[in-house]
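Work through these short exercises with the structure open beside you. Try each task before you read its solution.

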Amino acid sequence: MTSTTVEQENPLTEGLERLPVHSTTLTIFGATGDLAKRKLLPALYNLAHEGALPERFNLVGVSRGELTDEAFRDEATEAIKQFSRRTPDETVLKALTANVRYVTGSFDDKTAYPKLGEVLDAFDEEAGQPLNRLFYLSTAPEFFPVIVENLGEAGLGHHEGVEVRCVIEKPFGTTLAEAKELNRSVLSVFEERQIFRIDHYLGKETVQNMMAFRFANGLFEPVWNRNYIDHVQITASEDLGIGSRAGYYDNAGALRDLVQNHMLQLLCHVAMEPPVDFSADEVRDEKVKVLHAIKAPTAASVDEMAVRAQYTKGTVGGEDVPGYLDEAGVPEDSNTETYAAMRLEIDNWRWAGVPFYLRTGKRLARKVTEIAVTLRPVPHLAFKQEGSVGVRPNQLVLTMQPNEGVSLSLLAKIPGTRMRIRPVNMEFLYGTAFLSQSPEAYERLIMDAMRGDATLFTRNDEVEAQWRICDPIVQKWESTPGPLPTYEAGTQGPAEADALLLGDAEWRAI
């Protein structure tokens with residue numbers, strides 16, 4: 001029996017097949033930028049390696065730099081070799097990059113778009129049929145409306161006989177007013193079904209698995225409500241600083257960078273009701289209901305439910321690092337938060353009275369993204385004996401980074417003659433259970449966009465509902481002078497965040 005036969009018959013790999021995708025030409029605006037090099041191009045390679053790309057797949061890069069097709073091919077090849085999650089196979093790599101095209105032009109240069117149209121038409125002619133078209137806006141957010149408007153003016157927003165789709169990166173606006181204006185701009189060219197607002201957290205296997213755990217297992221659904229759950233903590237911490245992103249980060253801050261999009265999406269997955277089916281609109285309808293059930297903060301209530309802070313110099317991983325105000329490119333009087341935490345409540349039948357704690361920050365003790373669901377404690381104290389670690393509430397922890405998996409803390413008896421108790425963990429790890437490395441989030445999302453499956457993408461009303469919650473906090477913080485609370489780099493965050501916690505709740509150690 002060959003190794004291939006064994007792999008095909010292994011029951012643990014069942015269900016890992018790929019769905020067919022219509023032939024597509026993908027155009028990346030900002031193709032020479034950091035996101036394209038680090039994430040998009042390597043994702044395309046790994047899809048090609050797995051045979052997941054459509055039979056006819058073409059790649060076009062658009063950017064300001066003066067490059068030939070060959071020079072762009074070389075840049076793309078180098079980026080894939082440097083950042084791919086697997087060592088590239090030369091045959092696959094050459095096949096992927098053999099036919100790439102490059103269009104030079106700034107995004108506000110109207111003459112670049114007819115040139116792009118000619119390249120797309122040439123691919124159609126070569127294929128003998130029109131191909132689906134996917135435009136990926138991997139650019140600074142101020143160019144989103146510019147590119148969309150120019151695509152519309154050049155007649156590239158629709159194409160007879162095929163699907164035309166547009167992927168837009170975050171941030172989708174920096175305020176509620178901006179988000180509404182951007183939605184109006186994009187919807188003047190594309191229909192909602194053509195627009196894919198990407199949030200790469202939603203492409204992570206553990207995030208998607210939240211729905212499987214909740215709705216496919218009778219074990220969890222009966223206790224997934226205010227009667228049994230004490231509180232929920234959602235953490236997205238990083239041990240890194242801002243690197244070379246001072247220009248972007250100092251204008252954004254932790255709230256805009258992570259809370260408004262990623263973390264509120266994670267909250268929706270925890271709290272949503274079961275959809276009628278798992279189609280895009282049914283799932284997103286349920287998420288919007290959750291967001292609408294969260295009461296928007298007022299200027300008076302912000303200080304009670306949200307905390308911000310900046311990191312100061314400290315030690316991370318044994319290395320001394322500077323404080324935020326000493327980072328290159330950061331103004332010495334900056335009031336931008338590098339840490340944000342908040343307490344939200346969902347005012348509906350299932351979750352009334354259950355606090356949801358969200359926190360994110362740079363230069364914390366380690367990199368971790370997790371959702372911790374803490375159940376109510378058992379109602380008796382019979383196990384309080386000398387030598388017990390203590391009866392602690394059960395916790396279900398879903399980890400997205402660094403190691404995707406799920407753990408459930410239970411209480412067990414310590415061996416011996418006395419009834420002494422300590423917590424133990426039941427753990428599930430993706431790599432172990434499925435004998436494969438989880439695909440990068442961008443791999444899944446690019447494939448979904450090519451298929452036209454918008455389930456893991458954000459709808460226009462979702463974006464606006466998220467901003468309705470975050471906008472009052474942004475406005476209050478921007479109108480309040482500093483200095484901000486601080487925390488030492490490499491620690492758990494500011495002590496002020498403890499004031500958000502209710503009852504006996506404690507922040508999980510990062």
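## Exercise 1: one helix pair

The model is predicted. Helix α3 (residues 69-83) and helix α4 (residues 90-97) have axes that come within 10 Å and cross at roughly 140 degrees.

Task: find which residues of α3 meet which residues of α4, and state the handedness of the crossing.

Solution.
1. Start with α3: Arg73, Thr77, Ile80 and Lys81 make the contact.
2. Their partners in α4 are Glu90, Leu93, Leu96 and Thr97.
3. Sort the contact of α3 with α4 by class: 3 nonpolar, 2 polar and 3 charged residues.
4. The crossing of α3 and α4 is right-handed.

## Exercise 2: another helix pair

Task: decide whether α6 and α7 run roughly parallel or roughly antiparallel.

Solution.
1. Locate α6 at residues 144-153 and α7 at residues 176-187.
2. Read the geometry: the two pack at an angle of about 15 degrees, and their axes are 9 Å apart.
3. Angles under 35 degrees count as roughly parallel, so α6 is roughly parallel to α7.
4. The crossing of α6 and α7 is left-handed.
5. From α6, Phe144, Pro145 and Val148 meet Leu182, Ser185 and Val186 of α7.
6. By class, that contact has 5 nonpolar, 1 polar and no charged residues.

## Exercise 3: cysteines

Task: count the disulfides, then explain why Cys470 has no bond to Cys268.

Solution.
1. The count of disulfides is 0.
2. A disulfide joins the sulfur atoms of two cysteines covalently.
3. The cysteine sulfur closest to that of Cys470 is in Cys268, 11 Å away, so it is too far for a bond.
4. Check exposure too: Cys470 is buried, at a relative accessible area of 0%.
5. Cys166 is also buried, with a relative accessible area of 0%.

Note on methods
Residues are numbered from 1 along each chain as its sequence is written. This is a predicted model: local features need pLDDT of at least 70, side-chain atom pairs count only at pLDDT 80 or more; totals for chains, interfaces and linings use all residues. Side-chain values use heavy atoms; hydrogens and water are left out. Axes are lines fitted to C-alpha atoms, for helices over the stretch in contact, and angles run from 0 to 180 degrees between N-to-C directions. Helices (H or I, at least four residues) and strands (E, at least two) are DSSP runs, numbered from the N terminus. Angles under 35 degrees count as roughly parallel, over 145 as roughly antiparallel, 65 to 115 as roughly perpendicular and the rest as oblique. A crossing is left-handed if the near helix is turned anticlockwise from the far one by less than a right angle, and right-handed if clockwise. Contact means heavy atoms within 4.5 Å. Ala, Val, Leu, Ile, Met, Phe, Trp, Tyr, Cys and Pro count as nonpolar, Asp, Glu, Lys and Arg as charged, and the others, Gly among them, as polar. A disulfide is a pair of cysteine sulfur atoms within 2.5 Å. Buried means under 20% relative accessible area, exposed over 50%, partly exposed in between (1.4 Å probe, protein chains only).
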